[in-house]
Amino acid sequence: MNEDAGPIFRQVAAEIENAIVDGSLAEEAQAPSSNELAAFHRINPATAAKGLNELVSDGVLYKRRGVGMFVATGAREQLLKRRRSEFADQYVRPLMTEAQKLGIPARDIAAMIDEWEGQ
Amino acid sequence: MATGTTTAAVTVHDVTMRYREHTALDAVTTSFEKDAITGLLGRNGAGKTTLMQLVSGHRVPTSGSIRVFGSSPYEHDAVLRDICFIKEGQRYPDHFRISDALTAAAVLFPNWDADLAASLMRDFDLPAKRNIKKLSRGMTSAVGIVIGLASRAPLTVFDEPYLGLDAVARQLFYDRLLADYAESPRTVVLSTHLIEEIAPLLERVLLIDRGRVLLDADTESLRDSAVTVTGPTDKVQAFARRHELLHAESLGGHMRAVVRMGEAQGHRAAGAAGLSVEPTSLQQLIVAMSLQTSTERASRPLAPAASLEEVS
């Protein structure tokens with residue numbers, strides 16, 4: 001985990017979300033335990049548990065008592081929906097800020113995207 | 001894995017420790033959470049070792065009270081059995097071999113795990129029959145780590161456990177500490193200057209500076225308690241004036257400032273001002289706060305807060 005990237009529990013949660021979005025962690029599959037995450041990332045187990053618990057309260061994971069945590073059905077769709085709504089803010093805003101600095105008009109950017117898609 | 005527990009294994013209340021003219025600890029009140037790993041940080045001479053000696057029952061405070069699992073540790077055998085203090089530069093009797101140190105520890109600590117000790121001896125490549133006096137600095141540190149982990153003491157205190165250890169051996173220490181802590185959670189306190197390396201392992205941080213508590217908080221909230229703002233000097237200065245500034249550096253017309261605020265707030269506030277915003281690592285926060293207090297001491301000992309002009 002990255003020491004320069006804010007709270008580690010959020011990085012843990014984001015990593016599990018990524019695995020769900022790209023399909024490597026399927027719905028109804030068991031998520032890694034806090035001790036497994038702690039050992040793999042060399043982080044405190046309480047921090048790993050906090051990341052998992054955040055995903056439980058978001059409804060992405062659910063607990064099976066005495067067994068572990070599992071990916072909820074519908075979690076992938078839920079995450080995709082949220083990421084799509086954040087897309088403009090996370091990707092288009094920095095793109096436009098840089099474009100403004102360089103004096104590239106929006107229509108030129110649209111043309112670049114068309115060209116990119118044609119490749 | 002227990003989380004969110006608020007029970008304290010150790011409470012330190014209004015503790016002052018004086019050695020003749022020197023005040024090593026000045027009215028310190030804090031606690032070490034049960035079954036958490038706490039990092040004890042601070043510059044050389046801050047009072048870290050004194051605090052660890054007091055908590056481990058090796059000294060009596062000049063004033064104030066210390067409770068470990070509810071009782072005063074000093075000359076209290078029932079409590080001392082539950083405490084393993086690995087001192088920096090631990091001295092052993094002459095002619096003591098590593099195996100003799102392990103035998104003594106096995107007698108001393110009721111939870112001693114001989115299998116764990118044997119496997120750690122292999123991990124660190126320690127020669128059991130070698131006289132401890134003849135070991136290198138790093139190997140002596142490794143002996144302390146073996147004893148500290150295998151003691152499985154409910155309170156284990158490490159004072160700079162890895163002086164002289166190479167990067168491989170340090171990583172081995174982190175891995176074995178985490179693995180054993182996961183298996184058998186206990187209260188661990190360790191002092192270190194290698195903040196960046198140890199930070200991900202810590203649940204809590206206690207920062208002391210010249211015998212006083214500067215920070216006492218959980219590590220994750222600290223990672224979200226300050227941002228580093230960069231941009232043109234005039235803009236950064238204007239921004240910092242409206243918030244709590246911890247530290248600033250400038251190069252030409254460019255300035256970098258550590259400002260106390262959460263990441264989300266930082267992105268909104270500084271982002272709107274056209275400045276770039278990044279999270280501040282634990283190490284950067286600790287350095288900024290320690291520098292801030294030494295700047296205050298140097299310029300205005302009783303100043304309530306440093307102004308930008310003084311820090312920059």
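Modeller: Welcome! One definition helps first: two strands pair if DSSP finds at least two bridges between them. Helices (H or I, at least four residues) and strands (E, at least two) are themselves DSSP runs, numbered from the N terminus. Residues are numbered from 1 along each chain as its sequence is written, while chains are lettered from A and ligands numbered from 1 in the order in which they are written. This is a predicted model, where local features need pLDDT of at least 70 and side-chain atom pairs count only at pLDDT 80 or more, although totals for chains, interfaces and linings use all residues.

Colleague: Thanks! Which element gives the most to the side of chain A that touches chain B?

Modeller: Two residues are in contact if their C-beta atoms, placed from the backbone, lie within 7 Å. In those terms, 20 residues of chain A are in contact with 21 residues of chain B. Helices H1 (8–21), H2 (34–41) and H3 (45–57) of chain A are the elements giving two or more residues to that side of chain A. With 5 residues, the element that gives the most is H3(A).

Colleague: And how many residues of the side of chain A that touches chain B are nonpolar?

Modeller: Ala, Val, Leu, Ile, Met, Phe, Trp, Tyr, Cys and Pro count as nonpolar, Asp, Glu, Lys and Arg as charged, and the others, Gly among them, as polar. On this side of chain A, 4 residues are charged, 5 are polar, and the nonpolar ones number 11.

Colleague: How many Å separate the centres of domain 1 of chain A and domain 2 of chain A?

Modeller: Domain bounds come from an automatic or database domain assignment. For chain A, the assignment gives domain 1 (8–74) and domain 2 (76–118). Taken over C-alpha atoms, the separation of their centres is 29 Å.

Colleague: Which residue takes a positive phi in the hairpin of E1(A) and E2(A)?

Modeller: Strands E1 (61–64) and E2 (68–71) of chain A run antiparallel and are joined by 4 bridges. Here A:Leu61 stands opposite A:Val71 in E2(A). The hairpin has 3 residues between the strands, and the one with a positive phi near 75° is A:Gly66.

Colleague: On to chain B! By how many degrees are neighbouring strands of the sheet turned against each other on average?

Modeller: The sheet is open and has 6 strands in the order E5-E6-E7-E3-E8-E9 (chain B), with mixed pairing. Its edge strands, each pairing on one side only, are E5 (83–86) and E9 (212–218) of chain B. With direction ignored, the average turn between neighbouring strands is 15°.

Colleague: What is the bridge partner of B:Thr38 in E8(B)?

Modeller: Strands E3 (37–41) and E8 (204–209) of chain B pair in the parallel sense over 4 bridges. Within E8(B), B:Thr38 has as its bridge partner B:Arg204.

Colleague: At about what angle does H5 of chain B run to E5(B)?

Modeller: Axes are lines fitted to C-alpha atoms, for helices over the stretch in contact, and angles run from 0 to 180 degrees between N-to-C directions. Helix H1 (48–55) of chain B lies across E3, E5, E6 (155–159), E7 (187–191) and E8 of chain B, at about 155° to E6(B). Helix H5 (137–151) lies across E5 and E6 of chain B, and its angle to E5(B) is about 165°.

Colleague: Are H5(B) and H6(B) roughly parallel or antiparallel to each other?

Modeller: The axes of H5(B) and H6 (167–183) of chain B come within 11 Å and cross at roughly 5°. Angles under 35 degrees count as roughly parallel, over 145 as roughly antiparallel, 65 to 115 as roughly perpendicular and the rest as oblique. H5(B) and H6(B) are therefore roughly parallel.

Colleague: Is the crossing of H3(B) and H5(B) left-handed or right-handed?

Modeller: The axes of H3 (98–108) of chain B and H5(B) come within 11 Å, crossing at roughly 25°, which makes these helices roughly parallel. A crossing is left-handed if the near helix is turned anticlockwise from the far one by less than a right angle, and right-handed if clockwise. The crossing of H3(B) and H5(B) is right-handed.

Colleague: Finally, how many residues does the contact take from domain 2 of chain B?

Modeller: Chain B is divided into domain 1 (8–220) and domain 2 (224–311). Their centres, taken over C-alpha atoms, are 34 Å apart. The contact takes 10 residues from domain 1 of chain B, and from domain 2 of chain B it takes 6.
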